[in-house]
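Got your viewer open? Here is a short tour of what to select and what you'll find there.

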Amino acid sequence: MSDLLHTPLHDLHRSLGARMVPFAGYEMPVQYSLGVMKEHLHTRTKAGLFDVSHMGQVVVSGESYADAALALESLVPVGILDLPQNRQRYGFITNDQGGIVDDLMLANRGDHVFVVANAACKAADIALMRATLEPDITVTELTDRALLALQGPAAEEVLAKMDPRVRDMAFMDVATLTLNGAVAWVSRSGYTGEDGFEISVPAGDATALAQALLDHPDVEAIGLGARDSLRLEAGLCLHGHDIDAETTPVEATLHWAIQKVRRSGGARAGGFPGADIVLGQLAAGARKRRVGLIPEGRAPMREGVVLFANVDDETPIGVITSGGFGPTVGGPVAMGYVPAAQAEVGTTIFGELRGKRQPLRVAKLPFTPANFKR
Amino acid sequence: MKYTEEHEWLRADGDVYIVGITDHATTQLGDLVFVELPEVGTSVTKDDEIVVIESVKAASDILAPVDGEITAVNEALAEDPSLANSDAFGDGWFFKIKPSDPSQLDNMMDEAAYKAMIG
């Protein structure tokens, strides 16, 4: 795995006994000695520490915050201009077909927009932003910073021992704090469905901070395996699986992320790639929709399982895009796309598993209640 | 005790063999969450995929180690697949098989050879 990139925490992962796997060009920990199941449950009951340094950290700046925000709105269909200072919002970049090129976190940091992008997409995102927004806007990838996520009900208490100001932060607030001597950009957010924080620190401070967090008895290191089952139970999309360049925000039921101001009749309606398609679907509905699915048996149904409306139908209606065992649910859970006619909660459909049609029920998302501090 | 390259163990129990997978295998697979066992009375051929197991990470198959007939399956394992993680060589057994050609066991590894294989 010599051609894979390493995060600043690579040596720490090794010393903790992580099993390392290739992920989006990086060598990343898929699990530590606890194993996926216990890591998942620990995060839901106490606090888990994740290395997400492979994700892209990008500063988008112009003459003013408003200039950078308005420019980004030409690529992203959410309200960035009206984002209050030190607040963060979920968003995505769309293409001319309204498909999701990447999903992002966007924060108003006073004089710039701070963007966090998926590892597998960051190079393309940055290239697109530069090609579209320069020279008026400057797009800078921060390659000298690590990104940690501390997630779970104990996260606030753990972090408050280092800087009590975390207690004053609400979900999606952003602040600059001092953590273990490091100047950290902290947001109260994450991708597990739990309360928690995402922490950007200079690469040189990352290992000491991670070690100090792990020294707390409530904190365990958590790998990508549990990160995936946690976000699946939380009903959150994984780009390249549940959302991609072929799926629109409306199909993905991410329409909530598109504020009124960017919709038809809003002050800054449209003006992003694929706006006619996305705004049309917002008005008329999409042909297919992402839904939660609970297999009725105990067998997990994973990504790629083909879905049918009836047990003996020949023509598929859709496919599972994420699926597996949900440790907190205690059974199999999945997400996938089905036509609007089958998207109502409670509808029974069938998935083909090892040549047999097995029933699944369309279920409400998330599978586990979100524990955000609103 | 005999071992296969597929990380199965076989332990003689009268004229049948009890079959499971090794703790090395269950550690590699991670926490098991689903096991689908064959029906008692099924005749199987060596290398048939007769058991489906799923861990939190992935699905995999267990192959028939020899030709023969399935004489019993571990229903407790189907109810609680984690038994294969917690007691791989005991309560986590999968099925019992009556070999139709016991000479197929002759070339299987003993414990020392298996340990050498997994390093």
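Start by selecting residues 8–13 and 16–21 of chain B. These are strand 2 and strand 3, and they pair in the antiparallel sense over six bridges. Keep in mind as you look that this is a predicted model. To see how the two strands line up, click on B:Ala12: the residue standing opposite, in strand 3 of chain B, is B:Tyr17. Strands of a sheet pair through backbone hydrogen bonds, either parallel or antiparallel.

Now widen the selection to the whole sheet. Which order do the strands of this open sheet in chain B follow? Trace them across and you get 1-2-3-9-8-5, six strands with antiparallel pairing. At the edges sit strand 1 (2–3) and strand 5 (43–44) of chain B, each pairing on one side only.

Zoom out to all of chain B. You should be able to pick out four helices and nine strands. Walk along the sequence and the pattern reads β-β-β-α-β-β-β-β-β-α-α-β-α. The C-alpha trace spans about 35 × 35 × 20 Å along its principal axes. A compact globule with 119 residues would have a radius of gyration near 14 Å, and chain B, at 13 Å, agrees with that. Of the 119 residues of chain B, 39% count as buried. Try colouring by confidence too: the mean pLDDT of chain B is 96, and 100% of its residues reach 70 or more. For the model, the scores are ipTM 0.85 and pTM 0.94.

Next, show both chains and look at where they touch. The contact takes nine residues from chain B and 11 residues from chain A. On the chain B side, strand 4 (32–36) and strand 6 (49–55) each supply at least two residues. Strand 4 of chain B has the largest share, with three residues. Colour that side of chain B by class and you'll find four nonpolar, one polar and four charged residues.

Time to move over to chain A. Give one colour to domain 1 (10–53 + 144–233) and another to domain 2 (287–374). Their centres, taken over C-alpha atoms, are separated by 30 Å. Where the domains meet, 14 residues of domain 1 of chain A are in contact with 16 residues of domain 2 of chain A. On the domain 1 side, helix 2 (36–45) and helix 7 (224–233) of chain A each supply at least two residues. Which of the elements gives the most to that side of domain 1 of chain A? Select helix 2 of chain A: its four residues are the biggest contribution. By class, this side of domain 1 has six nonpolar, three polar and five charged residues.

Stay on helix 2 of chain A for a moment. Is this helix mostly covered or mostly uncovered? Seven of its 10 residues are buried, so to speak under cover. Show the side chains of A:Val36, A:Met37, A:Glu39, A:His40, A:His42, A:Thr43 and A:Arg44, and you have the buried ones. They pack against strand 2 (26–31), strand 3 (47–51), strand 9 (145–151), strand 13 (219–221) and helix 7 of chain A.

Now jump to residues 88–94 of chain A. This is strand 5, another mostly covered element, with six of its seven residues buried. Add residues 100–108, which make up strand 6 of chain A: the two strands pair in the antiparallel sense over seven bridges. Here A:Gly91 stands opposite A:Leu104. The two strands form a hairpin with five residues between them, and A:Gly98 in the turn has a positive phi of about 80 degrees.

Finish with some backbone oddities. Most residues other than glycine have a negative phi, and most peptide bonds are trans.

- Select A:Glu134 and A:Pro135: the peptide bond from one to the other is cis, with omega near 10 degrees. A:Pro135 is in the loop between helix 4 (122–133) and strand 8 (138–141) of chain A.
- Go on to A:Leu365 and A:Pro366, also joined by a cis peptide bond, with omega about -5 degrees. A:Pro366 is in the segment after strand 19 (356–363) of chain A.
- Click on A:Asn180, which is not a glycine but has a positive phi of about 55 degrees. A:Asn180 lies in the loop between strand 10 (174–179) and strand 11 (182–187) of chain A.
- Last stop: A:Thr253, not a glycine either, with a positive phi of about 50 degrees. Look for A:Thr253 in the loop between helix 7 and helix 8 (275–284) of chain A.

Methods. Residues are numbered from 1 along each chain as its sequence is written. Chains are lettered from A and ligands numbered from 1 in the order in which they are written. Two strands pair if DSSP finds at least two bridges between them. Domain bounds come from an automatic or database domain assignment. Two residues are in contact if their C-beta atoms, placed from the backbone, lie within 7 Å. Ala, Val, Leu, Ile, Met, Phe, Trp, Tyr, Cys and Pro count as nonpolar, Asp, Glu, Lys and Arg as charged, and the others, Gly among them, as polar. A residue is buried if 20 or more other C-beta atoms lie within 10 Å of its own, exposed if 12 or fewer, and partly exposed in between; C-beta atoms are placed from the backbone. pLDDT is the predictor's confidence in each residue, from 0 to 100. The radius of gyration is taken over C-alpha atoms; the globule rule is 2.2 Å times the number of residues to the power 0.38.
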